[in-house]
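Thanks for coming. I will walk through a few places in one structure, starting with a pair of aromatic residues.

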Amino acid sequence: MQQIRGRATTPALLCIALLGTFFSVCICGQTPPNTYVDEAVVRGLDFQFLNASPGNGQGFAAVDLDQDGDADLVLTGVADLVQFLENDGNGYFTNRTDVVNPPLIANAGAIAVGDPDGDGDLDILIMSWTDNDRLLRNDGDFQFTDISLQAGLDFRGKSVGGAFGDLNGDGWVDLLIVTGSTGSSLSSDHLFFNDGQGNFLPSSELEALSLEEPGMQGMLQDFDLDGDLDIYISNDKGYISGYPNRMFENQGGFFIERSDLGSGVTIDSMGICAGDINLDGKMDIYCTNYQLPHPLLQNDGNFGFSDVTSTYGVGFGIVSWGALFFDHQLDGDLDLLVLDSGFPNRLFVQDGPPPWIDNAPSLGLDSPGYSYCCVQADVDLDGDIDLFTGDHLGNFHLFIHPDEGNGNFIRLDPVAPAPNHFAIGSRVEMFDDTGALLWAVQRGAGQYYKSEGEGILHHGLADAETVAELTVFFPGGATRTLTDLPANETWNLFHPDLLGDGDRDGDVDFDDYLQFVLAVDAGFQSGFEIFDMNGDSSIDIVDLEALLDRYDGPLLDCDEDGVLDLMELFLGSDTDEDGDGLPDDCDLNFIRGDVNIDLAIDIADPIQLLAHLFFGDPCSCIAAIDSNHDNQVNIADPVHLLGYLFSATAAPEAPFPDCGDAQDSYQCLGSGCP
């Protein structure tokens with residue numbers, strides 16, 4: 001988990017944007033901001049894009065493939081061999097392509113990641129303009145298996161982007177694939193529903209997707225805030241052929257087109273991204289274009305959108321592609337990065353009321369190359385936001401954010417029950433101590449042009465040291481509210497159904513209680529969020545009461561004083577030297593191996609133990625059934641008993657053959673012993 005340091009803010013650079021001539025003039029006397037530095041080469045990313053695919057740019061993914069908390073990297077466009085690189089946690093990369101041994105894919109140019117098999121790690125969909133798309137299942141440790149054929153995704157056809165998300169409310173992530181065009185040759189987009197086994201079935205729910213249109217990107221967001229993911233598709237060739245961008249409202253897995261309410265701009269649309277620019281909780285949309293303008297569409301609710309491009313001053317450029325909203329200086333508001341293939345890239349910085357100002361020249365981000373794809377990630381885990389960009393037939397770039405002059409930050413990682421472990425479709429609203437909305441964000445999909453960025457929700461807090469209040473809305477309708485969440489950390493936001501289950505094994509038991517006690521001793525910190533049952537950023541007796549309310553094991557009061565044993569142990573009013581979860585005064589004598597507690601060891605004991613192991617038959621003295629005393633209850637115990645009875649194997653350890661107390665770590669609730 002991310003360990004943090006203090007932050008300090010600096011005055012923003014005052015610039016006057018001269019939009020008509022496409023440049024910024026900086027006022028003399030102001031201290032220039034620290035610049036981003038392209039460190040791709042020194043960090044192990046010395047790559048050039050060699051693939052001249054007609055798909056307009058080569059996508060990449062900066063995502064955590066090995067679940068160690070940092071963003072690894074997958075690159076297309078380097079010949080026909082997709083590159084896999086592992087992050088060492090400090091933002092330096094080691095090439096693991098030879099370990100992965102990916103299939104050769106001609107003209108691979110786009111990547112989507114998701115967890116279609118619901119096993120808790122990220123699988124990778126690699127899409128091609130001319131070759132078959134490939135779904136690579138993540139088997140851990142940079143081992144991947146091509147399951148395209150069995151998953152129903154082994155098809156060919158101008159794929160330019162994809163997005164995984166649960167579109168029909170069954171918990172399993174479905175898949176949208178957008179296809180492009182070349183000349184007069186068009187393809188239709190594809191919507192697939194997950195069959196609950198990680199395989200995909202073509203859907204006929206969205207008739208408009210059968211239209212052959214020149215798609216560029218598909219984005220899944222909850223635009224009407226009703227708890228499900230809607231679909232927005234960017235289409236090229238609007239000026240010549242009249243293809244509009246398309247918006248589809250999700251109504252329980254059925255879709256109704258809402259493009260005519262303002263979002264269906266008819267332009268040569270390229271990349272799209274979403275963010276809440278006016279702090280009303282709704283996701284607004286920015287569309288890049290093959291010519292002027294590049295529209296910014298404000299979400300007015302009920303799928304109505306207004307064009308506010310001129311108000312915000314973000315419409316200039318020439319041929320623009322990838323774009324993303326992020327909080328550049330961690331000052332608590334959104335900024336906008338836009339890549340261009342005919343004009344320097346732009347970073348529109350929000351510093352007070354609109355218009356936003358292009359500060360890319362001052363920040364070292366105004367690359368003049370043919371730039372197409374971009375994503376964000378905190379690659380070196382220092383708390384600020386770094387940027388990946390790629391040039392067509394040019395270099396791959398990693399712009400490391402300057403360390404100085406940034407505000408405090410918060411990094412949020414929503415976690416939901418299986419199969420949607422990554423809580424795709426969740427959204428977060430963050431408030432200050434007056435109740436004013438500070439930030440609204442969604443973990444949707446398809447947010448980056450042909451690419452995938454780090455899924456962590458990352459934003460600045462300026463000089464605030466805590467988040468006064470935060471509400472997370474999970475797919476399916478569950479919500480949680482957290483208060484006083486400390487700044488400068490990465491926090492897991494656990495679904496209510498997961499709380500208390502520290503080892504994530506599906507139940508709340510004595511092992512989780514022991515972890516809870518450790519969490520209390522350590523104090524509230526990243527890694528123990530699952531025990532903050534009431535979301536007040538502390539772990540205390542109130543949380544223990546809530547944990548015991550969902551405890552799956554026996555809750556005992558052996559001295560019958562009206563207070564549960566586990567509560568007494570937590571409060572220190574009783575001791576538990578043997579760690580079995582019972583006060584020492586309540587420990588019972590037992591005979592090791594006497595499974596049926598009849599005070600004798602015979603063939604009936606291994607028979608009952610086998611019934612316990614394989615059929616769940618109850619045993620009242622778990623300490624007794626650990627026959628070989630290895631602190632595990634498994635098949636070795638009945639084998640040991642049978643060996644003792646019939647093959648002269650060593651007898652069970654004490655207490656044996658008479659009743660006694662071994663200070664065993666397993667509980668004994670009934671033994672037959674006096």
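Let me begin with Trp321 and Tyr449, which are both buried. Keep in mind that this is a predicted model. For Trp321 the relative accessibility is 2%, so this residue falls well inside the buried class, which ends at 20%.

How far apart are the ring centres of Trp321 and Tyr449, and at what angle are the planes? The centres are 6.1 Å apart and the planes make 40°, a tilted aromatic pair. In sequence the two residues are 128 places apart: Trp321 is in strand S26, while Tyr449 is in the loop between strand S35 (437-443) and strand S36 (457-462).

In total, the structure holds 19 aromatic pairs. Another of them joins Trp321 to Tyr290, with 6.3 Å between the centres and 90° between the planes, so this one is edge-to-face. Tyr290 sits in the loop between S23 and strand S24 (296-301), and Trp321 in strand S26 (residues 320-326), so the contact ties together parts 31 residues apart in sequence. Unlike a buried residue, Tyr290 is partly exposed, because its relative accessibility is 43% and the partly exposed class runs from 20% to 50%.

S23 and S24 bring us to a sheet. It is open, has 4 strands in the order S22-S23-S24-S25, and pairs them antiparallel. At the edges are strand S22 (269-275) and strand S25 (304-307), each pairing on one side only. On average, neighbouring strands here are turned by 30° against each other, ignoring direction. Between S22 and strand S23 (residues 284-289) there are 5 bridges, and Cys273 stands opposite Tyr286 in S23.

Next, the nonpolar cores. In soluble globular proteins, nonpolar side chains tend to be buried together. Here the largest core has 43 residues, and Leu45, Leu73, Phe388 and Phe396 have the most contacts inside it. Strand S30 (residues 371-377) gives the largest share, 5 residues. A separate core of 35 residues includes Ala323, Leu461, Phe474 and Ala487. Phe388 and Phe396 also belong to one aromatic cluster with Phe60 and Phe93.

Last, a polar residue. Is Gln83 buried or exposed? Gln83 is buried, because its relative accessible area is 9%, under the 20% limit. Gln83 is in strand S6 (residues 83-87). Its side chain makes polar contacts with the side chains of Asn95, at 3.1 Å, and Thr97, at 3.3 Å. Beyond its sequence neighbours up to four places away, Gln83 also touches residues including Phe47, Leu73 and Val78.

Conventions:
Residues numbered from 1 in each chain as written. Predicted model: local features only at pLDDT ≥ 70, side-chain atom pairs only at ≥ 80, totals over all residues. Heavy atoms only, no water. Buried < 20%, exposed > 50% of the residue type's maximum accessible area, 1.4 Å probe, protein only. Polar contact = N/O pair within 3.5 Å; in protein donor to acceptor, adjacent residues only side chain to side chain. Contact = heavy atoms within 4.5 Å. Core = buried A, V, L, I, M, F, W, Y, C linked by side-chain atoms within 4.5 Å. Pairing = 2+ DSSP bridges. Axes fitted to C-alpha atoms, helices over the stretch in contact; angles between N-to-C directions. Phe/Tyr/Trp six-rings, centres within 6.5 Å; stacked < 30°, edge-to-face > 60°.
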